[in-house]
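Subject: Structure for your review

Dear colleague,

Please find below the structure that I am handing over to you. My findings follow it, with a few words of explanation along the way.

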Amino acid sequence: MSLAFVSTRGGAPAVGLSAAIAAGLAPDGGLYVPAHRVRADLDALAAAPDLATTTAALLAPLFAGDALAEHLPAIAAAALDFPVPLAPLAGDPDACLVELFHGPTAAFKDVGARFLAQALPRLPGGAGQGTVLVATSGDTGAAVAAACHDVPGLDVVVLYPHGRVSPRQAHQLGAFGGTVRAFAVDGSFDDCQAMAKAAFADAGLRARRPLLSANSICLGRLLPQMGYYTHAAMAWQRDGRGPLNVIVPTGNLGNAVAALMARAMGVPIGTVALACNANATLPEFLAGADYRPRASVATLANAMDVGAPSNIERLRWLQPDADALRAATPAASFDDDAIRAAILAADRRHGLAVCPHTACGLALLERLRAAGDRRPWAVAATAHPAKFESIVEPLLGRAVEVPPALAAVLARPSRHEPLAATAAALRDVLLAGA
Ligand SMILES: *Cc1c(COP(=O)(O)O)cnc(C)c1O
């Protein structure tokens with residue numbers, strides 16, 4: 001029997017994994033979660049030699065009985081062909097970084113985007129063929145473009161706010177060409193999201209041009225992110241050490257929920273702590289306030305500029321008792337001054353250049369250490385600092401080396417098309433040639 005997936009809001013029929021991946025959001029507006037808890041096969045995990053094998057072994061019980069199950073090893077092998085090393089942190093022998101930025105676009109979004117891009121063409125009945133429509137504030141669009149541009153049956157439309165992504169992010173978005181079109185929207189990220197949302201809600205449009213979502217709430221992106229925490233925790237345990245506690249720089253909570261879901265399956269992960277930027281919705285809630293979603297504010301860690309984290313529903317599903325959740329989940333918010341200070345401290349203390357998101361994680365580690373916490377911690381390093389060189393280099397007073405994969409993308413020509421910030425303008429684009 002296959003595992004069923006249900007909505008966090010309880011108002012949608014249970015579906016199989018393939019259908020949940022194709023749908024993205026559940027029809028009642030909730031997020032898909034497994035209908036019951038499954039356990040990981042810890043022996044298989046202990047024997048798995050690399051990230052791809054670990055991820056396939058971990059996810060097997062979630063894929064069991066679904067049409068995608070037989071393809072899971074091939075999907076993982078094709079998607080997860082780069083390392084996710086545990087790097088020691090000089091000056092703190094009980095801490096390390098989990099480097100999630102060795103994929104083609106140098107941020108952890110590569111993991112989910114590449115897994116989804118491999119899963120979509122293998123969905124039964126052609127349900128995963130069509131146009132991947134993605135609104136991005138920077139990292140997601142590049143990861144999706146890089147992952148999908150050579151996948152048969154898929155083409156990509158990326159919407160990003162003109163002038164509001166970093167120059168290197170903008171270059172990446174337009175550098176794939178072919179079946180990827182990058183539109184510089186004359187508006188904000190919220191406008192881009194509203195345009196995408198309107199297109200997804202337009203049944204007439206979708207009948208003529210099948211649309212696929214690569215939104216971060218999609219299980220096809222979330223589930224593979226459980227794999228790298230598992231890979232790290234098993235390596236940690238193999239070295240004779242106990243459960244691995246992790247600090248996750250957080251925006252939409254996808255990355256943190258992935259760690260918690262792996263832990264719920266029995267993977268030896270200890271505490272999961274959340275490091276946020278000035279968007280303090282989560283730390284305030286976890287400190288005891290009511291949950292108060294709000295508009296986001298712009299910060300140096302722009303990929304975490306989220307005022308209403310969409311995966312909060314999965315966090316509450318994992319631990320419905322708010323007080324228990326608060327007691328178990330350290331969280332803190334760091335403003336831009338604290339981020340700058342943490343980038344400088346990482347250089348001074350650990351000899352490391354870090355991106356502004358990773359800096360939030362290191363700032364939380366410092367705070368915990370200052371309060372006497374001696375536990376082992378792994379900090380998720382979510383992007384390479386070279387992606388945010390305009391922030392990092394002036395602070396450090398030196399150049400940050402560009403990793404080869406990122407350099408290769410930046411060396412390609414880049415092309416974008418202007419687009420008015422209206423649903424009608426996007427509809428015209430999507431229907432031309434449909
Ligand atoms: C997307 C992103 C985050 C936030 O991840 P969530 O899953 O939304 O919490 C953090 N850092 C970087 C570099 C990102 O691209």
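How far is an oxygen atom of the ligand from an N or O atom in the side chain of Asp 139? The distance is 2.7 Å. Please bear in mind that this is a predicted model.

**The ligand and its surroundings**

Two further polar contacts involve the protein backbone. An oxygen atom of the ligand is 3.0 Å from a polar backbone atom of Leu 253, and a backbone N or O atom of Asn 255 lies 3.0 Å from an oxygen atom of the ligand. The protein buries 95% of the 390 Å² that the ligand exposes when taken alone.

In total, 14 residues surround the ligand. The closest are Lys 109, Asp 139, Gly 251, Asn 252 and Thr 382. By type, the shell consists of five nonpolar, seven polar and two charged residues.

**Salt bridges**

Side chains of opposite charge can pair when their charged atoms come close. The structure holds 17 salt bridges, and I describe a few of them here.

Asp 92 pairs with Arg 369, and their closest N and O atoms are 2.8 Å apart. Asp 92 belongs to strand E4 (residues 92-99) and Arg 369 to helix H16 (residues 356-370), so this salt bridge ties together parts that are 277 residues apart in sequence. Asp 92 is buried, because its relative accessible area of 11% is under the 20% cut-off. Arg 369 also counts as buried, at 10% relative accessibility.

Arg 375 and Asp 373 form another salt bridge, with a distance of 2.7 Å from N to O. Here Arg 375 is partly exposed, with a relative accessible area of 34%, whereas Asp 373 is buried, with a value of 12%. These two residues are linked with Asp 92 and Arg 369 in a network of salt bridges.

A further salt bridge joins Asp 337 and Arg 340, whose closest N and O atoms are 2.9 Å apart. Both residues lie in helix H15 (residues 336-350); they are three residues apart, so about one helical turn separates them. Asp 337 is exposed, with a relative accessible area of 54%, while Arg 340 counts as partly exposed at 33% relative accessibility.

When you open the model, you may wish to begin with Asp 139 beside the ligand and then turn to the network that includes Asp 92 and Arg 369.

Yours sincerely,
A colleague

Terms used
Residues are numbered from 1 along each chain as its sequence is written. This is a predicted model: local features need pLDDT of at least 70, side-chain atom pairs count only at pLDDT 80 or more; totals for chains, interfaces and linings use all residues. Side-chain values use heavy atoms; hydrogens and water are left out. A residue is near a molecule or strand if one of its heavy atoms lies within 4 Å of it. A polar contact is a pair of N or O atoms within 3.5 Å; within protein, one must be able to donate a hydrogen and the other to accept it, and residues adjacent in sequence count only if both atoms are side-chain atoms. Accessible areas come from the Shrake-Rupley method with a 1.4 Å probe; for residues, only the protein chains shown count as cover. Ala, Val, Leu, Ile, Met, Phe, Trp, Tyr, Cys and Pro count as nonpolar, Asp, Glu, Lys and Arg as charged, and the others, Gly among them, as polar. A salt bridge is a side-chain nitrogen of Lys or Arg within 4 Å of a carboxyl oxygen of Asp or Glu. Helices (H or I, at least four residues) and strands (E, at least two) are DSSP runs, numbered from the N terminus. Buried means under 20% relative accessible area, exposed over 50%, partly exposed in between (1.4 Å probe, protein chains only).
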